[in-house]
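Here is a short report on one protein chain. Please read it alongside the sequence and the coordinates.

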Amino acid sequence: QVQLVESGGGLVQAGGSLRLSCAASGRTFVGYPMGWFRQAPGKEREFVAAIRWSDASTSYADSVKGRFTISRDNAKNTVYLQMNSLNPEDTAVYYCAARNAPLMELDANDYAYWGQGTQVTVSS
């Protein structure tokens, strides 16, 4: 019932920027919190950022605070992740996810719907 379409990944040099987009469509759970997660080779999937549709409140992992910004466009049902000052440690597959409940959560297990992921590679 909820479909997520991601775009914006790619290759960028250290210090550069990328903007990821996630368009959500469907009926049942659209409007509940959405988030971004990432997974590097050999590592667990980790939380990056989340936003609550009701009031646009946000949450960030400590590793990206001050560099990444999550935002929303209600008219387009789209969530963005602006990534600045990228470094090689940010290299990972980035996933867009959506909850099926209204409360903000930071655990991947609390997200019911997932995009296919988009590769972000930061060269040194």
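## An aromatic cluster

Ring pairs join F37, F47, Y95, Y111 and W114 into a cluster. The model is predicted. A search of the whole structure turns up five aromatic pairs. One of them is formed by F37 and F47. This pair is edge-to-face, with 5.8 Å from centre to centre and 75 degrees between the planes. F37 belongs to strand β4 (residues 34-39) and F47 to strand β5 (residues 46-51), so the pair ties together parts that lie 10 residues apart in sequence. F37 and F47 are both buried.

Another member of the cluster is Y95. Y95 sits in strand β9 (residues 92-98). Its relative accessibility is 14%, so Y95 counts as buried; the cut-off for buried is under 20%. Leaving out residues up to four places away in sequence, Y95 touches E6, G35, W36, F37, Q39, R45, W114, G115, Q116 and G117. Two of these partners, F37 and W114, also belong to the ring cluster. Y95 and E46 are 49 residues apart in sequence, yet their C-alpha atoms are 9.9 Å apart in space.

## The chain as a whole

What secondary structure does the protein chain contain? It has 11 strands and zero helices. Along the sequence the pattern reads β-β-β-β-β-β-β-β-β-β-β. The radius of gyration is 13 Å, close to the 14 Å that the globule rule gives for 124 residues, so the chain is as compact as a globular protein of that length. Along its principal axes, the C-alpha trace spans about 45 × 30 × 25 Å.

Buried residues account for 40% of the 124 residues. Among contacts with a separation of 6 or more, 57% join residues 24 or more positions apart. The exposed area of the protein chain is about 6,400 Å². Carbon and sulfur atoms supply 45% of that area. The chain carries 11 positive and 11 negative charges, and the mean positions of the two sets are 6 Å apart.

## Two buried aliphatic residues

I51 and V64 come next. I51 is in strand β5, the strand that also holds F47. With a relative accessible area of 2%, I51 is buried. Beyond residues up to four places away in sequence, I51 touches P33, M34, A56, S57, T58, I70, S71, R72, V79 and M104. I51 and Q13 are 38 residues apart in sequence, and 27 Å separates them in space, C-alpha to C-alpha.

V64 lies in the loop between β6 (58-60) and β7. Is this loop residue buried or exposed? V64 is buried, with a relative accessible area of 0%. Setting aside neighbours within four places in sequence, V64 is in contact with R38 and V48. V64 and F37 are 27 residues apart along the chain, and their C-alpha atoms are separated by 12 Å.

## Loops and positive phi

Most residues other than glycine have a negative phi. Which residue in the loop between β7 (68-73) and β8 (78-83) has its place described here? That residue is N77. Its phi is near 50 degrees, a positive value in a residue other than glycine. N77 has 29% relative accessibility and counts as partly exposed.

S85 is placed in the loop between β8 and β9. S85 is not a glycine, but has a positive phi of about 50 degrees. Its relative accessible area is 44%, so S85 is partly exposed.

N109 occupies the loop between β9 and β10 (113-114). At a relative accessible area of 71%, N109 is exposed; the cut-off for exposed is over 50%. N109 and S21 are 88 residues apart in sequence and 22 Å apart in space, C-alpha to C-alpha.

## Sequence and space side by side

The table lists C-alpha separations for four residue pairs.

| Pair | Apart in sequence | C-alpha to C-alpha |
|---|---|---|
| Y95 and E46 | 49 residues | 9.9 Å |
| V64 and F37 | 27 residues | 12 Å |
| N109 and S21 | 88 residues | 22 Å |
| I51 and Q13 | 38 residues | 27 Å |

Notes
Residues numbered from 1 in each chain as written. Predicted model: local features only at pLDDT ≥ 70, side-chain atom pairs only at ≥ 80, totals over all residues. Heavy atoms only, no water. Helix = DSSP H or I, 4+ residues; strand = E, 2+ residues; numbered from the N terminus. Rg over C-alpha atoms; globule rule 2.2 N^0.38 Å. Buried < 20%, exposed > 50% of the residue type's maximum accessible area, 1.4 Å probe, protein only. Contact = heavy atoms within 4.5 Å. Areas by Shrake-Rupley, 256 points an atom, 1.4 Å probe, with all protein chains shown as cover. Lys, Arg positive; Asp, Glu negative; His and termini not counted. Charge placed at Lys NZ, Arg CZ, Asp CG, Glu CD. Phe/Tyr/Trp six-rings, centres within 6.5 Å; stacked < 30°, edge-to-face > 60°.
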